[in-house]
Amino acid sequence: MVSPKTRDWKDLVSGSFRDLDDLLKYCKIDLPNSGCKSKPEFTLRVTRYFASLIEKGNPRDPLLLQVLPDALESQLVQGYHEDAVGDRLSIAVPGLIHKYHGRVLMTLTGACPIHCRYCFRQHFPYARNKPDCSASGEIMQYLSQNTSIKEVILSGGDPLMLSDRKLAGLISSLNRIPHINILRIHTRLLSVLPERVNATFLETLRQFNGQLVFVTHINHPNEISAHNRAAFSLLFNQGYRLLNQSVLLKNVNNCPGVLADLSERLFESRITPYYLHRLDKVQGSAHFALSLEDSCRIYEELRKQLPGYLLPSFVQEIAGQASKTPVRCTDP
Ligand SMILES: *Cc1c(COP(=O)(O)O)cnc(C)c1O
Ligand code: SF4
């Protein structure tokens, strides 16, 4: 946040937990299976701020379970794939996925400030998809030529891992394309490392000529505190829309009361619940899965507990579809 004491956000990223034993020691948790190391290609990574929100001494803490490597990850489960959502088929040019009408998604970086064990992009071939975002590069050419594209989504990994200088370059290139009038940023960094919202960042965003939308990724009410709420307010007060997407996860938020709390806390933080995603069937994430029946029971109960404007749409990603697909819960 804008405060003289604030440490640089990049130092805070570097200071994240990367070692399981360090994290467990900090959380005062003694796990019998702490010998379970994460896969070398998707290591443990947690910011100190996110770790500070984990309840000390609780091995079942819903925040801890999102980041704790599990021996079950390396089991191959039938029906679970590396590219569960068919993204690789929709790569228009390296770094750009054009799957839906009017909007494209840029995979700017593979880096993230936190490694969520259920992540659907954990196997994405970032190295082979390095985006060329220069003004004359392939991406800008594609965007200039496709006048049906109105919105550019920055994604990753986490797009806010990019420096403000790089973001500024990207924004200035997008400003030159008249039909792009919405810039959407999908990020977990805002909530897990709120120091990212500093004065330079706010100034960089002001350079964009169109409308800005942030989509945060928060799964549990305990992920919101006064600290990140202050960061959300800075963005809100600058006139940006804030939406949130969550993933329905076993042992994390598979309870209507928890999800209702989450929506209410988001609302207090000026964020509108947008999507509740059914888990994508990506290899290594099966231990977070819920049956369709259980998922629908939870969502239908949630619907009864919330006003319509706080109810996220319950959707799943089906490869080859023209949009996210509403989960069809049949009448009981
Ligand atoms: C989810 C997604 C979008 C955005 O979809 P919305 O329904 O507009 O939020 C765009 N492109 C890709 C590839 C996506 O996966
Ligand atoms: S922050 Fe997003 S992209 Fe990064 S590991 Fe988590 S879910 Fe995946």
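**Notes on the two ligand sites and a few backbone oddities**

1. The space taken by ligand 1 is the largest pocket. Keep in mind as you look around that this is a predicted model. Three strands each give two or more residues to the shell around ligand 1: S2 (96-100), S3 (103-107) and S8 (272-277). Of these, S2 gives the largest share, with 3 residues.

2. Who is in that shell? The residues around ligand 1 are Ile97, Lys99, Tyr100, Arg103, Leu105, Ile153, Arg184, Tyr274, Tyr275, Glu317 and Lys324. Sorted by class, that gives 6 nonpolar and 5 charged residues, with no polar ones.

3. Now zoom in on the oxygen atoms of ligand 1. A polar atom in the side chain of Arg184 lies 2.7 Å from an oxygen atom of the ligand. For Tyr274, an N or O atom of the side chain is 2.6 Å from an oxygen atom of ligand 1. Tyr275 also has a polar side-chain atom 2.6 Å from a ligand 1 oxygen. As for cover, ligand 1 on its own has 390 Å² of accessible area, and the protein covers 94% of that.

4. Ligand 2 sits in the largest pocket too. Around ligand 2 you'll find Cys112, Ile114, His115, Cys116, Cys119, Gly157, Arg188 and His217. By class, this shell has 4 nonpolar, 3 polar and 1 charged residues.

5. Gly157, one of the residues around ligand 2, deserves a second look. A cis peptide bond joins Gly156 to Gly157, with omega at about 10°. Most peptide bonds are trans. Gly157 belongs to the loop between strand S4 (151-155) and helix H6 (164-175).

6. Two more backbone spots are worth a click. Most residues other than glycine have a negative phi. Lys28, though not a glycine, has a positive phi of about 55°, and Asn251, also not a glycine, has one of about 70°. You'll find Lys28 in the loop between helix H2 (20-26) and helix H3 (48-52), while Asn251 is in the loop between strand S7 (241-247) and helix H10 (256-268).

7. Are these two buried or exposed? Lys28 has a relative accessible area of 63%, so it counts as exposed. Asn251 is partly exposed, because its relative accessible area is 37%.

8. Last stop: Arg328, in the segment after strand S10 (325-326). Arg328 counts as exposed because its relative accessibility is 65%. If you want a sense of scale, Arg328 and Val213 are 115 residues apart in sequence and 28 Å apart in space, C-alpha to C-alpha.

Conventions. Residues numbered from 1 in each chain as written. Chains lettered and ligands numbered in written order. Predicted model: local features only at pLDDT ≥ 70, side-chain atom pairs only at ≥ 80, totals over all residues. Heavy atoms only, no water. Near = heavy atom within 4 Å. Polar contact = N/O pair within 3.5 Å; in protein donor to acceptor, adjacent residues only side chain to side chain. Areas by Shrake-Rupley, 256 points an atom, 1.4 Å probe, with all protein chains shown as cover. 1 Å grid on protein atoms, 1.4 Å probe; cavity = no way out; pocket = protein on both sides within 12 Å on 5 of 7 lines; lining within 4 Å. Sits in = over half its atoms within 2 Å of the grid points. Helix = DSSP H or I, 4+ residues; strand = E, 2+ residues; numbered from the N terminus. Nonpolar A, V, L, I, M, F, W, Y, C, P; charged D, E, K, R; others polar. Buried < 20%, exposed > 50% of the residue type's maximum accessible area, 1.4 Å probe, protein only.
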